[in-house]
Every structure is written in C-alpha cells, then in structure tokens.
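User: Please take a close look at one part of this model for me. Then connect that part to what surrounds it, in plain steps.

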Amino acid sequence: MRKMKGNRLSSIVMHNLLIAVLAFIWLIPIVWLACTSFSSYSGMNTSTFFPKEWSIIHYIKLFQPDTVAQFPQWFMNTFIIACVTCVISTAFVLMVAYATSVMRFPMRRPLMNLAVILNLFPGMLAMIAVYFTLKSFNLTNSYAGLIMVYSGSAGLGYLIAKGFFDTVPRALCEAARIDGCSEARIFAQIVIPMSRPIIVYTVISSFLVPWMDFVYAKMILNAGISEKYTVAIGLYKMLDKSLINNYFTMFCAGGVLVSIPISVLFMIMQKFYVEGITGGAVKG
Amino acid sequence: MASEKKGAAASIGGFFKAIGNYFSGFGTAFAKGDAFVKLSALWMGAGYARRKQYVKAVIMTILEVAVIAFTVTFAMQYVPKFGTLGTVKMEKVFNMKTMKSEFNDYDNSFQILLFSLFSFVVWAAFIVVWMKNIVNAYKLQKMEEAGEHIKTFKEDLHSYIEEKFHITLLTLPVLGIVVFTAIPILLLIFVAFTNYDQQHMPPTELFTWTGFTNFLSLFGGGGLTTTFSYAFVRVLGWTLVWAFFATFTTYIGGILLSLLLNSTKTKWPKMWRTLFIVTIAVPQFVSLLLVRNFFSNGGIVNTICANIGLTGFLRDIGLVSTSYIPFLSAPGWAHVMIILINIWIGVPYQMLIATGVLMNLPADQLESARVDGAKPFQIFRKITMPYMLFVTGPALVTDFVKNINNFNVIYLLTQDVYTTTNQAMANSQAKEVDLLVTWLFRLTQDYYNYKMASAIGIIVFIICAVFTLIAFNRMIGNGKEEDYQ
C-alpha cells in the first residue's frame with residue numbers, strides 16, 4: 001500500500017517537473033525581453049543574458065516622442081483600428097459560421113467549396129491587387145483602408161467557429177422552432193449565448209490581427225509618416241540596421257508595454273473560454 | 001479512394017446542377033409567363049407592379065436605372081479597351097492654347113484592367129438578379145392564378161429573419177469577400193497573362209497580353225530565364241516541407257501539452273496554462289524579431305555556445321565552418337531553426353484550441369472505455385484523437401494552407417539576416433529559406449515583377465487546390481457532420 005502511494009507521488013512529481021521544464025524553455029525569450037527592456041544600455045547586449053546595469057530610462061524615453069519613436073500615438077492608432085476590425089470580423093465570422101452550420105439551403109455546399117478555393121490563393125497575392133484598388137480610391141495611408149483590408153475578407157475564416165456550432169445539439173433549435181421562435185431569435189438568443197468559447201476565440205484572434213500584422217500596414221501606410229504608424233511598423237522600423245544600436249532596448253520596452261494589455265485581455269478571455277464550455281445547456 | 005473522388009466530384013457536379021436548374025427555371029418562366037412577366041425583361045418592376053407589390057417594383061426600377069447609368073458613364077470608358085489594354089502611351093505635348101506642355105489623354109493599362117473587371121463583375125451580378133427577377137415574376141403570376149395570398153412588402157421583409165435568414169447573414173460577409181479577395185484574385189490571374197513588370201509600369205508605360213509566356217519561363221521554357229524554374233522547384237519543395245512540419249508539430253504538440261496540463265496529476269494547472277499563454281500574448285513581430293536577434297550571428301546564444309565550447313565542438317565535427325553558429329543565416333541550420341521556433345510560437349495556440357475541444361469530449365464514452373479497462377494510450381488513440389480530428393479536422397486543412405502562406409514567421413526571422421550564396425537563386429531574387437509567398441512579396445515589392453509573381457501564385461494554387469479539396473470533402477463531407485450532435 002505504502003509502496004503504491006510512493007509510486008503515485010513520484011509520478012506526480014515527474015509529471016509536474018516535465019511541465020516546469022517545458023514552461024522554463026517557453027519563457028526564456030520572454031524573460032530576456034523583460035530583462036533587456038530594463039537595461040541602461042541602448043544597443044543589444046550580446047555578452048550576458050541579464051543586463052549589466054538596470055534602469056527604467058528607456059520606458060521614460062518611450063513617452064518622450066522623438067522623430068523615430070512616437071509610441072503613445074502608435075498605440076492609440078492600433079487600438080482604434082483593432083476595435084473596429086474586431087467588431088466587424090467577429091460579426092462576419094459568426095454570421096457565416098452559423099449560416100453554414102445550422103441552416104440548410106441549396107447553395108450551402110457550393111459556397112463552402114468556393115470559400116476553400118479562395119483560401120488556397122496566397123493572401124499576399126490578393127493584397128497587391130487590393131493595394132492598387134485602394135490607391136485608385138485614395139484609401140492608402142488611411143485607417144479606413146487598413147480596417148477594410150483586415151476585416152473585409154474575415155468571413156473566410158469561419159471554419160473553426162463552424163466546427164463548434166456543429167457540436168451544438170440540434171434538438172434545442174428544433175424545440176425553439178416548434179415554440180414559434182424565428183430563425184433570427186434562435187441565432188441571437190439560443191445559439192450565440194451557448195457559444196461563448198468560440199466567440200471569445202474569434203474576438204481574440206480578430207482583435208490581435210492589427211497588433212500582430214505589419215506587412216499589410218507597411219503596404220498601406222507607406223508614406224513614411226511616423227505618427228500614422230501602428231505599433232507593429234513603428235517597432236519594426238526601430239530594428240532597422242541603422243537604428244538598432246540606438247533603439248534595441250526601446251524596442252524591448254515597447255514590446256513589453258504592448259504585451260501587457262494583450263496578456264490581460266487573454267486572461268479574461270481564458271476565463272470565459274473555460275466557463276463557456278463547462279457551463280453549457282444540454283450537452284452531448 | 002473511390003469515395004473521396006465521389007465526394008469531390010459530387011460537390012462539383014452539384015454546383016453545376018444547381019446552375020443548370022437555375023437556367024431551366026428561367027427558361028420556363030420566360031416562355032410560359034404572361035405579358036407582364038415578359039415585360040419584366042425590359043422593365044424589371046413590371047411583374048411586381050402588376051401584382052400590386054409596388055415597393056418592390058420601385059426598388060427594382062431604381063436598380064435597373066443605376067446599372068444602366070453605371071454602364072454608360074463608367075464601364076464604357078474602359079471595357080472597349082480591354083482587348084488591347086490601351087494603345088496611347090503617356091506623352092508630353094505642347095498645348096498651343098495654354099502655352100504649356102501637358103500630358104496627352106493617355107491610357108493606363110492597369111486601370112483599364114481593374115475597371116473592366118469590376119464592370120464584368122457588376123454585370124454578372126446584375127444578370128443573375130435579372131433572371132431571378134423574371135422567375136419571381138412568373139412565380140407571382142402562378143400564385144395569383146391559383147388564388148394564393150401574395151405577400152405584402154412587410155411579410156417579404158419578415159421572411160429575411162425566417163426561412164431566408166441565411167441570406168441576411170451571408171450578404172455582407174460575402175460582399176466583403178468578393179471585393180477584397182475574389183476580385184483581386186481575378187485581377188492577378190489576368191496579370192499573369194500580361195507583361196506587367198518594371199519595364200512596363202503604368203502610367204508611364206503600357207502593358208499588354210502575352211499569353212502563356214510567363215508560365216513557360218517558370219517551367220524552364222524561355223532560354224534566358226531558366227533560373228526562374230531552378231528557383232521555383234527549390235522554393236516549392238521547402239514550402240511543402242515547411243507546411244507539413246509546421247502544421248503537424250504544432251497540432252500534435254498542442255494536443256499533448258493540453259492533455260499534460262489538464263491531467264489530474266497537474267498541480268496548479270491554471271498557473272502553468274497562464275505561463276504558456278504569456279508567450280503568445282506577446283505579438284509575433286515582437287517575439288520573432290527578438291528571437292531573431294537572440295540567435296543572430298553575434299547574439300547572446302552564440303556567445304553562450306562559444307563560452308561552453310559548443311561552437312568549437314561543432315566546428316571540430318565539421319557542422320560549422322565559421323567562428324559562430326549560423327542559426328538563421330545558413331541553409332540547413334536556418335531551416336531547422338525556423339521549424340523549431342515555429343513550434344515555440346504555435347504550440348500554445350493549438351493548446352488553447354485543444355483544451356476547449358477536449359472539454360467537450362463525450363464523457364460517457366470515456367467512462368465506459370475506462371470501465372472496460374482501456375489503457376490511457378488506447379483512449380487517446382481510439383476516442384480523443386478521432387474526436388479532435390472531427391472538430392478540428394477542417395481547421396487542420398486550413399492550417400496547412402495557412403502555413404504554406406505563412407508570411408510572418410519566415411519574413412520576420414530571415415529578412416535582412418539571411419543572404420543566399422547560391423547565384424542561381426539570387427538571379428531570380430529567391431533565397432533557400434523563402435516560401436512562395438515571401439518570394440512573391442519580394443518580387444512585387446522590391447523588383448516590381450508582377451507578371452512572374454502572379455504566375456507563381458497561380459501554379460501554387462493549382463497544385464494544392466486539387467489535393468486540399470479532396471481532403472476537405474472527405475473530412476466534412478459524407479454526412480459526418482451529424483455524428484457528434
């Protein structure tokens with residue numbers, strides 16, 4: 001009996017040790033980012049892992065905009081773009097996913113196949129043409145153009161949400177229909193409240209698009225006006241070969257500051273994610 | 001195998017059958033309809049006005065007038081020049097009246113192409129509406145003959161939250177996809193058959209149709225440009241290898257990590273999960289640019305490796321010929337590092353998705369398997385994996401395609417760091433670590449070679465389209481959707 005307990009204990013220790021080792025490996029670059037951002041030296045520290053002298057000077061510098069770094073302005077720009085993109089994209093994804101998962105209509109399968117075909121084209125290829133189109137309508141170097149680029153085709157990313165809607169029990173919808181509920185109400189008041197996890201997932205991923213992307217932003221906001229940049233291009237430009245020796249630590253500080261709100265958001269989402277799944281209605 | 005083919009064939013067949021039905025429905029409507037149905041072909045509101053659906057009649061009339069106005073004032077400027085893509089080159093001419101030199105009334109090939117295409121799309125959509133309109137007018141006529149109730153405008157509107165709710169849901173997203181994906185793709189398909197490159201840049205120069213020339217040079221047919229086919233084969237090979245490893249390492253890794261974290265043996269699972277999520281909470285351009293400097297030739301990892309003697313050891317066994325380890329700057333090393341770094345960045349994402357899906361695992365199946373004495377590995381293989389594949393299967397297919405087009409990881413890790421030493425690759429502006437998309441991007445952004453970029457894009461599309469459609473049809477087709485409901 002005691003021996004078995006010992007076995008179980010050691011297996012628990014091994015199990016948690018394995019997780020700890022993995023977490024350690026995963027966190028090394030993040031720790032390096034955080035430490036480097038508190039370095040007093042502006043360039044990249046290549047000799048030691050931890051900075052030789054600690055200082056918060058580069059955080060202070062971030063809020064004193066110069067011609068290269070205008071971090072507060074970039075942050076606001078990105079935030080506004082992200083909010084609008086998030087609302088439009090989430091709505092589009094959920095609408096398409098619901099229509100293809102729950103509703104049955106003759107064009108359903110052909111439309112889904114068409115979506116797969118469109119997804120197979122390199123997005124970059126379409127972007128080049130979109131750039132020219134936006135230019136013809138004078139929408140380059142504007143946030144409206146960028147928001148359109150981010151959210152216009154969002155409907156194509158419906159598959160994950162559809163996979164989730166497929167697991168929502170049909171009996172519920174049928175029951176509502178018999179009770180005289182309209183299709184729109186079934187969508188808004190029955191299926192959507194049951195689908196919090198996938199909504200959260202969609203919200204996270206679409207809110208993150210403008211924060212993560214820099215290629216499209218670079219393409220659209222190409223006039224080189226620093227105060228119009230998003231955080232991504234702004235920070236990317238800091239690592240230019242001619243600037244990296246003066247701005248690397250500031251890049252790290254900016255990276256930390258961008259990551260904090262996103263992490264907080266992630267944690268809130270995470271809570272919803274777990275709750276939404278376990279607290280469902282009639283499951284299985 | 002046979003069933004796969006049947007699935008793909010059936011869906012394509014069904015698509016054409018639907019179109020066929022549409023046309024035959026239109027034929028009968030037009031042949032058997034009364035005078036007002038036939039008049040609808042000219043005045044789209046006629047059928048509705050006759051059946052007292054006045055609001056609809058007005059809407060249809062306005063639509064018709066708008067399309068005619070569009071055709072006359074806009075489309076006619078561009079569509080007639082579509083065959084040649086313009087003939088008048090931009091020139092400065094001296095204007096006798098103003099005594100200044102001015103530009104002549106030149107043709108812009110790109111605008112001709114873009115706006116012609118836009119007109120074609122508008123016309124195609126209008127024809128569909130026009131045909132549908134006649135079918136509807138005929139339907140109304142039959143309903144009136146049978147003495148059925150004809151819907152009022154209010155009832156018509158109501159049907160858009162009832163049996164026609166899918167139209168309400170799909171209209172805006174589909175419009176977005178047409179404008180921001182479908183039209184641009186069509187546009188670039190056309191560009192692949194032109195000579196649009198640095199020597200033929202509108203507005204100063206014209207470009208024109210050249211048939212299959214670009215595709216020939218991609219496959220080594222065009223004498224001087226054989227380097228393009230050389231680079232193409234190599235870049236394509238690496239793209240496929242990358243997509244395969246990137247997709248499956250992160251997918252399996254994500255499932256294993258989430259099983260590990262959700263196990264009853266795990267102490268403080270919330271804390272561990274949070275730690276892993278922190279790594280993806282940092283935006284990719286920060287973390288990847290950071291990792292790129294972390295592993296750079298003069299970076300911190302190289303310093304540590306040199307200090308502990310790893311660099312010396314690798315040099316002794318001949319894996320490294322420089323004084324540093326070229327993590328991201330030599331072929332082979334860079335390829336492996338890119339896949340490893342992608343695991344670091346991709347596994348927590350997949351873990352998040354897998355955790356959500358695994359919580360929905362049919363508990364009764366797990367319980368009965370345990371009662372029957374199934375081992376954990378058997379449960380994983382027979383219950384967990386099939387369920388995961390069912391829910392995330394379609395996403396796995398799109399993940400693969402996304403990785404083929406995964407621009408961020410490759411661009412952020414290798415841009416400005418990796419320079420190719422292979423002259424044949426450099427001649428066609430490619431690198432060994434390039435994916436087709438990063439190559440496309442460089443061709444268009446730095447070298448303005450739109451014709452080759454478009455041709456490459458189309459070839460890639462054809463290669464993976466057939467393969468993926470089959471996989472997709474097999475996974476979500478065959479009525480499997482209802483299995484787990």
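Analyst: Start with a term: domain bounds here come from an automatic or database domain assignment. Keep in mind that the model is predicted.

Now apply the term to chain A. Chain A has a domain 1, residues 2-57, and a domain 2, residues 66-278. How far apart are the C-alpha centres of the two domains of chain A? They lie 31 Å apart. The two domains of chain A also touch. Domain 1 of chain A puts nine residues into that contact, and domain 2 of chain A puts in ten. Look at the domain 1 side of this contact. Five of its residues are polar and four are nonpolar. No charged residue is found on that side.

Next, move outward from chain A to its partner. Chain A meets chain B through 84 residues of chain A and 89 residues of chain B. Which helix of chain A gives the most to the side that touches chain B? Helix α1 of chain A, residues 2-37, does so with twelve residues. The make-up of the chain A side is 57 nonpolar, 22 polar and five charged residues.

Now cross over to chain B. Chain B has 20 helices and two strands. Is chain B a compact globule or more spread out? Its radius of gyration is 30 Å, while the globule rule gives 23 Å for 485 residues. The value for chain B is well over the rule, so chain B is more spread out than a compact globule. The C-alpha trace of chain B spans about 90 × 85 × 45 Å along its principal axes. As for burial, 36% of the 485 residues of chain B count as buried. Next come the contacts in chain B between residues 6 or more positions apart. Of these contacts, 68% join residues 24 or more positions apart.

Finally, zoom in on one helix pair of chain B. Helix α17 of chain B covers residues 407-414, and helix α19 of chain B covers residues 436-445. Their axes are 9 Å apart, and the helices pack at an angle of about 65°. The crossing of α17(B) and α19(B) is right-handed. Which residues make the contact? From α17(B) come B:F407, B:I410 and B:Y411. From α19(B) come B:V437, B:T438 and B:F441. Sorted by class, the contact of α17(B) with α19(B) has five nonpolar residues and one polar residue. None of its residues is charged.

Key: Residues are numbered from 1 along each chain as its sequence is written. Chains are lettered from A and ligands numbered from 1 in the order in which they are written. This is a predicted model: local features need pLDDT of at least 70, side-chain atom pairs count only at pLDDT 80 or more; totals for chains, interfaces and linings use all residues. Axes are lines fitted to C-alpha atoms, for helices over the stretch in contact, and angles run from 0 to 180 degrees between N-to-C directions. Helices (H or I, at least four residues) and strands (E, at least two) are DSSP runs, numbered from the N terminus. A crossing is left-handed if the near helix is turned anticlockwise from the far one by less than a right angle, and right-handed if clockwise. Two residues are in contact if their C-beta atoms, placed from the backbone, lie within 7 Å. Ala, Val, Leu, Ile, Met, Phe, Trp, Tyr, Cys and Pro count as nonpolar, Asp, Glu, Lys and Arg as charged, and the others, Gly among them, as polar. The radius of gyration is taken over C-alpha atoms; the globule rule is 2.2 Å times the number of residues to the power 0.38. A residue is buried if 20 or more other C-beta atoms lie within 10 Å of its own, exposed if 12 or fewer, and partly exposed in between; C-beta atoms are placed from the backbone.
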